[in-house]
Amino acid sequence: YAKVGHEDQELFDQISQCVIKKKTLDKFDSQDLANMMWAYATIGFVAPEMFDAVSHVVIKKFDRFNSQEIANTIWAYATVYYNIEPWLLDAILWNTIQRIETLETEQIINIVWSVAILNCIDINSTIPLFAEISKRYQRKEQKQHQEGSRYDNDEGENSFSSSSFNAISKQALSQLHQASLWSSDEHKKESLLPAELRKECLVNFGNSGHVGSKLQQNVVQILQTLDGVTIIEEESHCVWTGYSIDVLIRIKEGNSSSKDIAVEIDGPCHFIGYSPNGATMLKRRQLCTLGKIPLISIPYWEWDELGSFGDD
């Protein structure tokens, strides 16, 4: 159902209740558990009792999980922004590190990105993950150099297809940039990633090609009518983080002072029900802590509720 986008939340609720009542989780193998968590996260449905129960079963059966199942499981918790117990996350990371050489690079990036969203462990626990990513990048760079090939920085947005890190998707590079911000900027840890890789990640992150929504256009139109509010820029670029900001405004304060404010206009894809999803929480947190200007988030349902008062 999740793979084809069938978002019947009543069905998924009934399934989770059935799983808990019949206590069948212990009969699930690692693939069953990982696929079930992936499905719930994909449709954006949180079943707290089942999520808690699964996390404990995962620890007991972790030695049976393959690398994809590990990545899918922790990704599911992060995607719906479900608070997993720190000791459980530490246990998952510890077991992951023991078999890190069996994981694909994108799986390692996916895991460290998920950990950055959850933000509930000792940052030092992720050092082996960043170190492994760095080692693989440098190994490919060295091999490329030995073969006499050359990486051309002038190939624009297609440069990653010929890069020495060509197995990494643009999405994974963006996730690695966010994870690097979490480690190096939020927690002030020295980066283990090579400068060249950090640059690739930042350039890719800044070229995400975000397009403003109709909701965003409506909000901007209203902001333009408000006294003391100036639209500085739409789709503004945050130089400190690389994030795209929906609207940057300037509010007049008194006769001679003003304040710049970042405004994010969040549609349904940013939420699980009425709670921000993991990616949205990560962006808000990093913009607030690293962006150096205040951030206002306007959820779509709050704007819709104000719609009938638009003339006021």
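I started at M50 and pulled its contacts (heavy atoms within 4.5 Å): leaving aside neighbours within four places in sequence, M50 touches S16, V19, I20, M36, M37 and Y40.

Note to self: this is a predicted model, where local features need pLDDT of at least 70, side-chain atom pairs count only at pLDDT 80 or more, and totals for chains, interfaces and linings use all residues. Residues are numbered from 1 along each chain as its sequence is written, and side-chain values use heavy atoms, with hydrogens and water left out.

Next I looked up the largest nonpolar core (buried Ala, Val, Leu, Ile, Met, Phe, Trp, Tyr and Cys joined through side-chain atoms within 4.5 Å; buried is under 20% relative accessible area, 1.4 Å probe, protein chains only). It has 73 residues, and M50, F51, V54 and I111 touch the most other members. Helix α6 (residues 105–118; helices are DSSP H or I runs of at least four residues, strands E runs of at least two) gives this core its largest share, nine residues. I also found a second, separate core of twelve residues, V220, L223, V263 and W303 among them.

Then the sheet: I get four strands, open, in the order β1-β2-β3-β6 with mixed pairing (a pair needs at least two DSSP bridges). β1 (229–237) and β6 (295–299) sit at the edges with a single partner strand each, so one side of each has no neighbour in the sheet.

I checked β3 (residues 257–266) against β6: they pair in the parallel sense over five bridges. D266 has P299 in β6 as its bridge partner.

Technical notes: Buried < 20%, exposed > 50% of the residue type's maximum accessible area, 1.4 Å probe, protein only.
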